[in-house]
Amino acid sequence: MVLKLYKVDASPPARAALMTIEAANIPNVELVDVKFQEGEHLEEEYLKKNPQHTVPTLEDDDFYIWDSHAIAVYLLTKYSKNTTLYPSDPKQRAIIDQRLHFDSGILFPNLRGSIEPVLYRGEKSIKQEALNKIKSGYEFSEKFLTKRWIAGDEFTLADIFFMASIRSSHEILPIDGAEFPKLTAWLNRCKELDYHKKINEPGSVQLGNVIRSLLS
Ligand SMILES: N[C@@H](CCC(=O)N[C@@H](CS)C(=O)NCC(=O)O)C(=O)O
């Protein structure tokens, strides 16, 4: 078995996949850095693996899968069957899936939409409308946090994905602790985790620094 994860450290979805691998103790995953600046993700060799040219992409022998959410669920169901990160109980799983779709459809796209004009189109500021969308993601997340973790009493895959997108968004629009007390307390709990310290914090700061360096 050869498992390879193609990633970029500043990428929130790549960090979510990396943290899933750490949280579930999935061994022997070779990490491959994709040279974004040099356009490596647009080269033929990468496009054969993932025609959508996104990171992360997972290679499992001759099988390729991309989208961080699909990668995480694949890894957990294949290599970590009894994990509490993604329990088999239909209702628990449905809540986690709802949160994952929220990340995939709202949290991460709102972050990506806010920084893409700066990263790729030379814009020198982030539009207020884009910041409002990020804030709306914080508002919904605050409402989801009726218990300790994003999908209930237990730490799950949902927390890993929200950690990646929300900690990164915090670099662009700092979370106001008075306005979002539950979200702030939850993020502080996440900050205690080893893989947050090792993977998510430095990657988020790296992303923030790149954006700040491009803003006027
Ligand atoms: N929904 C995808 C989003 C992946 C994504 O947009 N990744 C960005 C980096 S953060 C990327 O690869 N951008 C390069 C491109 O789209 O060409 C996932 O969760 O994996």
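## Where the ligand sits

The largest pocket is where the ligand sits. Do keep in mind as you look around that this is a predicted model. Two elements give two or more residues each to the shell around the ligand: helix 3 (68–79) and helix 4 (90–121).

The pocket itself has a volume of about 1,000 Å³. Its lining counts 34 residues, and those closest to the pocket centre are S11, F36, V55, L119 and Y120. At least two lining residues come from each of helix 1, helix 3, helix 4 and helix 8 (194–214). Helix 4 gives the largest share of this lining, with 9 residues. Sorted by class, the lining of the largest pocket holds 19 nonpolar, 10 polar and 5 charged residues.

## Contacts with the ligand

Let us move in to the ligand. There are 13 residues around the ligand, and H53, V55, D67, S68 and R112 come nearest. The shell is made up of 5 nonpolar, 6 polar and 2 charged residues.

Three of the contacts are worth a visit one by one. In S68, an N or O atom of the side chain lies 2.6 Å from an oxygen atom of the ligand. For H53, the distance from a side-chain N or O atom to a ligand oxygen is 2.7 Å. V55 takes part through its backbone, where a polar atom is 2.9 Å from an oxygen atom of the ligand. On its own the ligand has 510 Å² of accessible area, and the protein covers 85% of this.

## A small enclosed space

Rolling a probe the size of a water molecule over the atoms shows where empty space is left. Here, the count comes to 1 cavity of 30 Å³ or more, and the largest cavity has a volume of about 40 Å³.

Who lines the largest cavity? The residues are P12, P13, A16, S68, H69, D103, F108, F161, A164 and S165. Helix 1 (12–23), helix 3, helix 4 and helix 6 (157–172) each give two or more residues to this lining. By class, the cavity lining divides into 6 nonpolar, 3 polar and 1 charged. S68 will be familiar by now: this residue lines the largest cavity, and its side chain also has an N or O atom 2.6 Å from a ligand oxygen.

## Backbone features to check

Most residues other than glycine have a negative phi, and most peptide bonds are trans. Two places in this model are good to inspect with that in mind.

Which residues does the cis peptide bond join? It links V55 and P56, with omega at about 0 degrees. P56 is found in the loop between helix 2 (44–49) and strand 3 (57–60). Its partner V55 is among the residues that come nearest to the ligand, and V55 is also one of those closest to the centre of the largest pocket.

The other place is N25, a residue other than glycine whose phi is positive, near 50 degrees. N25 is located in the loop between helix 1 and strand 2 (29–33).

Definitions and conventions
Residues numbered from 1 in each chain as written. Predicted model: local features only at pLDDT ≥ 70, side-chain atom pairs only at ≥ 80, totals over all residues. Heavy atoms only, no water. Near = heavy atom within 4 Å. Polar contact = N/O pair within 3.5 Å; in protein donor to acceptor, adjacent residues only side chain to side chain. Areas by Shrake-Rupley, 256 points an atom, 1.4 Å probe, with all protein chains shown as cover. 1 Å grid on protein atoms, 1.4 Å probe; cavity = no way out; pocket = protein on both sides within 12 Å on 5 of 7 lines; lining within 4 Å. Sits in = over half its atoms within 2 Å of the grid points. Helix = DSSP H or I, 4+ residues; strand = E, 2+ residues; numbered from the N terminus. Nonpolar A, V, L, I, M, F, W, Y, C, P; charged D, E, K, R; others polar. Points joined across faces, edges and corners; volume = space filled by probe spheres on them.
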